[in-house]
Amino acid sequence: MIVDHGHVVGNASRAAIISDRRITGLSAAVIAELVAEVGPLWRERHQAKLASRPRKRAVGAGAKRQLVFVVRLLATLVHLRHAATHDVLASWFGVDRSTITRAIGEVRPLLAERGCTISTGVRLRALAEVIDHIGASRKSGIIDGTEIRVRRPAAGRKDRDKFISGKSKQNAVKTMVVTDGDGRMLFCSPTQHGSCAGITHARQLGLVRLLGGGPAAEILADAGYQGLGAQTGGRVVTPPGPCPLVLDTRDTRS
């Protein structure tokens with residue numbers, strides 16, 4: 001009964017996610033396109049993985065997978081857009097946390113390989129292509145970093161402490177996101193340890209080199225990226241000083 005109930009919840013969640021664009025940021029038509037394009041590649045790689053290792057049972061025997069590909073895709077999209085934890089998604093779809101973790105681990109690389117479709121016949125897969133596109137469009141791009149909370153790494157892992165974010169004081173990984181002026185995402189970087197500053201991550205990704213030797217692209221960023229402007233000939237534009245909204249205006253003279 002518990003398994004059946006989980007499937008009912010999963011079906012309801014699937015319908016809710018597809019019908020409400022606010023959840024994934026994608027229309028039902030785009031989701032259907034992703035299912036048609038990425039789904040066969042996922043199945044092909046899954047079958048190849050099964051066939052590549054020694055087995056005691058025939059391929060297809062044993063317990064069946066609890067999530068069809070479309071649900072795996074939706075769980076991944078919700079995770080990427082809202083940084084929903086694997087525990088929350090597991091509860092929502094009525095499966096174990098490990099199932100969600102495995103699904104995201106399988107689907108996210110496929111989405112990265114597919115790249116971002118910005119117009120008919122144009123697809124961006126690498127940061128260099130994104131910078132070229134922004135320069136050619138003569139419009140500003142926007143960069144920012146985002147954190148995704150993760151579990152505390154296992155004891156004994158050498159880089160365990162690097163996951164602690166100085167901003168949130170939690171274990172996290174960070175990504176750098178590039179959008180166009182309308183907020184449409186063009187690039188999402190591989191994750192970095194939570195302790196890595198956003199400006200350091202941008203440099204590691206080669207943003208300074210790409211802007212210095214590429215087209216005249218203008219990139220807007222927050223105060224956390226101050227310093228990149230001087231390194232890129234003014235192509236990264238940041239606020240001139242601390243944002244007044246975060247200044248402490250309390251009177252401490254008493």
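The exercises below walk through a pocket, several salt bridges and a few single residues of a predicted model.

Residues are numbered from 1 along each chain as its sequence is written, and side-chain values use heavy atoms, with hydrogens and water left out. In this predicted model, local features need pLDDT of at least 70 and side-chain atom pairs count only at pLDDT 80 or more, while totals for chains, interfaces and linings use all residues.

**Exercise 1. Describe the second largest pocket and its lining.**

Solution.
- Start with the term. On a 1 Å grid over the protein atoms alone, a pocket is an open set of points where a 1.4 Å probe fits, with protein on both sides within 12 Å along at least five of seven lines; lining residues have an atom within 4 Å of a point.
- Next, the volume, which is the space filled by probe spheres set on the points, with grid points joined across faces, edges and corners. The second largest pocket holds about 490 Å³.
- Its lining has 18 residues, and His86, Arg97, Arg149, Val150 and Arg151 are the closest to the centre.
- Now place the lining. Helices (H or I, at least four residues) and strands (E, at least two) are DSSP runs, numbered from the N terminus. At least two lining residues come from each of α5 (86-93), α6 (97-114) and β3 (141-149). The largest share, four residues, belongs to α6.
- Finish with the classes. Ala, Val, Leu, Ile, Met, Phe, Trp, Tyr, Cys and Pro count as nonpolar, Asp, Glu, Lys and Arg as charged, and the others, Gly among them, as polar. The lining of this pocket has seven nonpolar, five polar and six charged residues.

**Exercise 2. Find which parts of the chain the salt bridge of Glu37 and Arg123 ties together.**

Solution.
- A salt bridge is a side-chain nitrogen of Lys or Arg within 4 Å of a carboxyl oxygen of Asp or Glu. The count comes to twelve salt bridges.
- Glu37 and Arg123 meet at 2.8 Å, N to O.
- Glu37 lies in helix α3 (residues 28-51) and Arg123 in strand β2 (residues 122-124), so the bridge ties together parts 86 residues apart in sequence.
- Check exposure: buried means under 20% relative accessible area, exposed over 50%, partly exposed in between (1.4 Å probe, protein chains only). Glu37 is partly exposed at 34%. Arg123 is partly exposed at 25%.

**Exercise 3. Compare the exposure of the partners in two further salt bridges, Asp87 with Arg151 and Arg184 with Asp180.**

Solution.
- The side chains of Asp87 and Arg151 meet at 3.8 Å, N to O. Asp87 sits in helix α5 and Arg151 in the loop between β3 and β4 (172-180), 64 residues apart.
- Asp87 is partly exposed at 40%, whereas Arg151 is exposed at 55%.
- In the bridge of Arg184 and Asp180, the closest N and O atoms are 3.0 Å apart.
- Arg184 is partly exposed at 41%, but Asp180 is buried at 12%.
- Add the network: salt bridges that share partners join Glu33, Glu37, Arg114 and Arg123 into one.

**Exercise 4. Decide whether Trp92 and His193 are buried or partly exposed.**

Solution.
- Trp92 lies in helix α5. Its relative accessibility is 30%, so Trp92 counts as partly exposed. The C-alpha atoms of Trp92 and Ser13 are 7.0 Å apart, with their positions 79 residues apart along the chain.
- His193 lies in strand β6 (residues 192-193). Its relative accessible area is 19%, so His193 is buried. From His193 to Glu147, 46 residues apart along the chain, the C-alpha separation is 9.5 Å.
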